[in-house]
Amino acid sequence: MLWPATLLGAAAGLALASIPGALLGGLLGQVLDRRMRLQSLDHLRELLGRKPTVLDDEDLLFMLIGRLAKSDGRVLDSHIQAARNEMQRLGLDEPARRRAMQAFNRGKQLEDSELRAPLRALHHRPERSEALLRTCWRMAWADGRVSEAEARLIRQWGVWLGWRREALAALASEYEPARKVPEVKTSDYQAALRLLGVQADSEPAVIKRAYRRLISRHHPDKLAGSGATPAQLRAATDKTRELQVAYELVRQRHGFR
């Protein structure tokens, strides 16, 4: 964790009174950090009334989903694929894709408090806020389930974006699976192969291509703006989730990433 007042105090003390000043300044800064619960330089700037950090929209989006992917400790292949799906959905060219992946990787290392200021800066952009939250829910469901850590992060980000808890709950419910027996059970390897249209002896590259092709065909974003009904969107979401679960099962069985 970064202790901003400690660092600033030590630097100021060093400039004014050499090493003894640095020690005293660092000690006083640490007291301030603890009392004000400062966690980053952005947090300190926000409390001092300075303009919060504003990130590029795409950088912020990929930092958020990077943080989500790492929230349970391990980034899965399904998370990486979900990030690539977002790049494809946004129509990013190769330089933009590299930048997006860099933002994704930065997001994996972030403290939660470092996202407070850039998210609060989007209070006046409700459409952008909703787009960010929807992308976060897609990432959270990338491995077929949503952990408590992921749900907690998205709820907190929604509050920072200015959403009411009732609206956040309603949005979350749109991404919950229908209450039915899933087509693919996590223990059914043969059903997973059939759903992906591959064989038990298929090469990893073949399995990956089949999965990406099916995800691209059935993703609910394909229906965006087409006048699809809520039932059609839910069906597309369920199909996408079944494909993700099937792919993760086959990937683990074959031992590739």
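**Exercise 1. Determine which residue forms a salt bridge with Asp57 at a closest N–O distance of 3.7 Å, and place both partners in the fold.**

Solution. Asp57 forms a salt bridge with Arg128, and the closest N and O atoms of the pair are 3.7 Å apart, a separation that falls within the 4 Å allowed for such a bridge. Asp57 belongs to helix α3 while Arg128 belongs to helix α7, so the bridge ties together parts that are 71 residues apart in sequence. The structure in question is a predicted model, and the distances should be read with that in mind.

The next step concerns exposure. Arg128 has a relative accessibility of 17% and therefore counts as buried, since the limit for that class is under 20%. Asp57, with a relative accessible area of 24%, is partly exposed.

**Exercise 2. Find the salt bridge that Arg125 forms, and state which residues are joined into one network by salt bridges that share partners.**

Solution. Arg125 forms a salt bridge with Asp57, with 2.6 Å between the closest N and O atoms. Arg125 is located in the loop between α6 (116–120) and α7, whereas Asp57 is in helix α3 (residues 57–70), so this pair ties together parts that are 68 residues apart in sequence. Arg125 is partly exposed, its relative accessibility being 30%.

For comparison, consider a bridge inside one helix. Arg89 forms a salt bridge with Glu86, the closest N and O atoms lying 2.8 Å apart, and both residues sit in helix α4, 3 residues apart, which is about one turn of the helix. Arg89 is partly exposed at a relative accessible area of 37%, but Glu86 counts as buried at 4% relative accessibility. Returning to the network, salt bridges that share partners join Asp57, Arg125 and Arg128. The structure holds 14 salt bridges.

**Exercise 3. Describe the largest pocket by its volume, its lining and the elements that contribute to that lining.**

Solution. Begin with the volume, which is about 460 Å³ for the largest pocket. The lining of this pocket consists of 20 residues, and those nearest its centre are Arg134, Glu174, Tyr175, Asp221 and Leu233. Two or more lining residues are given by each of α4 (77–90), α7 (126–140) and α12 (230–254), and the largest share, 5 residues, comes from α7.

Next, sort the lining by class: 10 residues are nonpolar, 3 are polar and 7 are charged. Finally, consider the domains, where domain 2 (55–173) and domain 3 (184–252) each supply at least three residues to the lining of the largest pocket.

**Exercise 4. Decide whether Ser147 is buried or exposed, and identify its side-chain polar contact with Asp72 by distance.**

Solution. Ser147 lies in the loop between α7 and α8 (148–160). Its relative accessible area is 8%, so Ser147 is buried. A polar contact of 2.8 Å joins the side chain of Ser147 to that of Asp72.

**Exercise 5. Locate Ala205, classify its exposure, and give the separation of its C-alpha atom from that of Phe256.**

Solution. Ala205 is found in helix α11 (residues 204–218). With a relative accessible area of 41%, Ala205 is partly exposed. Ala205 and Phe256 are 51 residues apart along the chain, and their C-alpha atoms are separated by 9.7 Å.

Methods
Residues are numbered from 1 along each chain as its sequence is written. This is a predicted model: local features need pLDDT of at least 70, side-chain atom pairs count only at pLDDT 80 or more; totals for chains, interfaces and linings use all residues. Side-chain values use heavy atoms; hydrogens and water are left out. On a 1 Å grid over the protein atoms alone, a cavity is a set of points where a 1.4 Å probe fits but cannot get out, and a pocket is an open set with protein on both sides within 12 Å along at least five of seven lines; lining residues have an atom within 4 Å of a point. Grid points are joined across faces, edges and corners, and a volume is the space filled by probe spheres set on the points. Helices (H or I, at least four residues) and strands (E, at least two) are DSSP runs, numbered from the N terminus. Ala, Val, Leu, Ile, Met, Phe, Trp, Tyr, Cys and Pro count as nonpolar, Asp, Glu, Lys and Arg as charged, and the others, Gly among them, as polar. Domain bounds come from an automatic or database domain assignment. A salt bridge is a side-chain nitrogen of Lys or Arg within 4 Å of a carboxyl oxygen of Asp or Glu. Buried means under 20% relative accessible area, exposed over 50%, partly exposed in between (1.4 Å probe, protein chains only). A polar contact is a pair of N or O atoms within 3.5 Å; within protein, one must be able to donate a hydrogen and the other to accept it, and residues adjacent in sequence count only if both atoms are side-chain atoms.
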